[in-house]
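Visitor: Hi, could you walk me through this one? I'd like to hear about its rings.

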Amino acid sequence: VVHFCDNNISDTYTYHNTYSDSNQNIFCNKQSVWEVMRKGVDFRNGANQARFIADTTPTFKLVRAKKHRSVLILDTSGSMAGLPLQQLQQATTNYILNQVEEGTYLGIVTFSSYASTRSNLIQIRTSNDRQRLVSVLPTIASGGTSIGSGIQAGIQAPFSKDYPSGGSMIVLTDGEEQTAPYIGNIKQQVFDDNITVHGIVYGKSASVNLEKLSFETGAESFFVPNNDPERLVNAFTAVAERNTYGETVAFQQLYLETITVESTTPFNDSVLVDDNDSVSLQFTFMWTWPNANYKILAPDGTIYNSTAAQYTTFSKHKLSQYTFSMDSTMVGEWKYMVSLSSRLHASRQSITTTVTTKSSSNATGNSMRQPIAVIVAVDKATVTFPNPVKISVAVQKGSLAVLQAKVILNITTPINNQYFLIPANDKSIGADVVANDGVYCAYFTQFNSNGRYSVQAHVSGDQNKSFINFNYIVGVGHLQEGRHYILNESESINNKNSNYTNISLDKFTRKTLGSLIDVSGYIP
């Protein structure tokens with residue numbers, strides 16, 4: 001290869017042909033190769049400009065991966081007081097207890113008019129480490145908003161002489177910048193230290209500058225509408241899934257619902273644990289009033305209530321949880337019941353419920369032993385009306401495509417209480433290019449205002465309807481004759497049109513959040 005095509009109309013030799021029926025146009029929305037590559041971290045912001053190199057002999061560096069380092073940067077300004085702070089406490093508690101990978105170094109910084117480091121980096125090895133971090137989560141919100149001061153304090157937390165750069169931040173805010181230092185003041189330091197910034201913008205008024213910083217560091221920004229605890233939990237889940245750096249996701253959120261319970265009618269539901277390699281299982285309940293009672297019924301008929309050893313309550317953060325170890329975690333249908341007992345509190349309340357499993361390290365590299373995972377992607381996060389947005393949802397079990405799943409996109413709009421439900425398909429129809437590759441696609445065009453849109457995928461599979469097949473790889477589709485596929489770490493298959501049978505899957509559900517969409521130029 002001597003040249004890549006570009007969009008410079010003055011250079012006819014390399015100018016990209018947008019009319020060609022090529023894979024480049026199909027998969028990259030008619031963008032040239034250089035337009036796509038310039039969005040990547042290697043070439044973003046003018047990095048690695050073309051130059052003459054006299055000696056092209058390659059050099060190699062052998063590096064060893066280190067444990068991931070991350071800092072929570074949390075907004076505690078006055079606008080976060082009340083319900084927003086409560087939901088922040090619950091979502092971060094769930095994230096720390098159930099989703100941060102063991103061995104990760106995690107710190108916590110809060111900011112209002114100034115920043116405060118609540119915990120330097122702690123390596124998470126035990127449940128006590130997790131509870132120690134939960135104990136320092138913020139309980140008071142007041143003052144102005146200085147996002148830059150929070151990020152600046154976070155930059156200092158992950159680094160030492162042994163770890164000079166790298167790592168990530170999860171920055172949550174609900175407001176615009178009011179006090180220096182601003183994001184623009186510290187942006188270059190973020191770039192210089194190779195830090196990835198995941199943004200969670202809570203509500204309509206959250207800073208646009210945080211979105212831009214996230215995209216510029218190669219991350220995504222997630223939009224959570226006001227008073228949507230389910231999407232806030234899911235935003236942290238999405239970040240945790242993207243912090244694996246190519247490794248198998250250690251946890252899987254099997255269930256996420258905000259339920260309404262009344263004192264006269266208990267709420268009952270169930271979830272199917274479909275992972276044979278689970279080493280733990282967590283039922284988590286995020287509540288408003290402490291008059292709720294929770295019962296769990298295991299597949300073998302064992303009943304667990306609040307007197308069980310597996311039960312813990314974090315009263316300060318209004319969260320209760322059952323944690324089952326590998327000895328008591330089993331495949332099958334788990335049922336739970338929630339009832340309200342006391343009339344001293346509200347006779348009706350909403351409770352956000354999650355069920356999470358953690359997989360054994362034995363699942364790494366073996367698709368059959370990995371849980372079903374879902375990843376949502378949008379082809380562009382900033383949109384000028386009326387251009388459409390393509391939304392893709394990869395449903396996979398390891399590297400295998402999960403076929404015949406049902407995928408519905410729930411998209412909230414900037415107008416309160418307005419949302420759209422859009423089906424996505426994997427049949428090479430409309431937005432979907434490759435059939436049966438486990439990537440379900442749809443276009444979104446139903447814009448009704450300027451502002452931020454939140455994308456959440458609801459994925460489900462009926463019992464014995466969805467399936468996997470070793471001939472169908474996620475993002476690839478059907479393997480043609482002669483293709484080579486690594487089945488696991490020690491076995492490989494040369495595909496000679498072998499007639500692999502479909503492997504039916506048990507019933508499953510997943511909810512996953514995708515990057516926000518920011519729309520401008522809307523015309524009614």
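Guide: Sure, a definition to start: rings of Phe, Tyr and Trp (its six-membered ring) pair if their centres lie within 6.5 Å, and planes under 30 degrees apart count as stacked, over 60 as edge-to-face and the rest as tilted. This is a predicted model, where local features need pLDDT of at least 70, side-chain atom pairs count only at pLDDT 80 or more, and totals for chains, interfaces and linings use all residues. Residues are numbered from 1 along each chain as its sequence is written, and side-chain values use heavy atoms, with hydrogens and water left out.

Visitor: OK, how many aromatic pairs does a search of the whole structure find?

Guide: The search turns up 20 aromatic pairs.

Visitor: What about Phe 283 and Trp 334?

Guide: Their ring centres are 6.1 Å apart and the planes sit at 45°, so that pair is tilted. Phe 283 is in strand 9 (residues 278-286) and Trp 334 in strand 14 (residues 332-340), so to speak distant parts of the chain, 51 residues apart; strands here are DSSP runs (E, at least two residues), numbered from the N terminus.

Visitor: Is Trp 334 buried or exposed?

Guide: Buried, at a relative accessible area of 0%. Buried means under 20% relative accessible area, exposed over 50%, partly exposed in between (1.4 Å probe, protein chains only). Phe 283 is buried too, at 0%.

Visitor: And how are the rings of Phe 444 and Phe 447 arranged?

Guide: Edge-to-face, because their planes are at 80°, with centres 5.1 Å apart. Phe 444 is buried at 0% relative accessibility, and Phe 447 is buried at 7%.

Technical notes:
Helix = DSSP H or I, 4+ residues; strand = E, 2+ residues; numbered from the N terminus.
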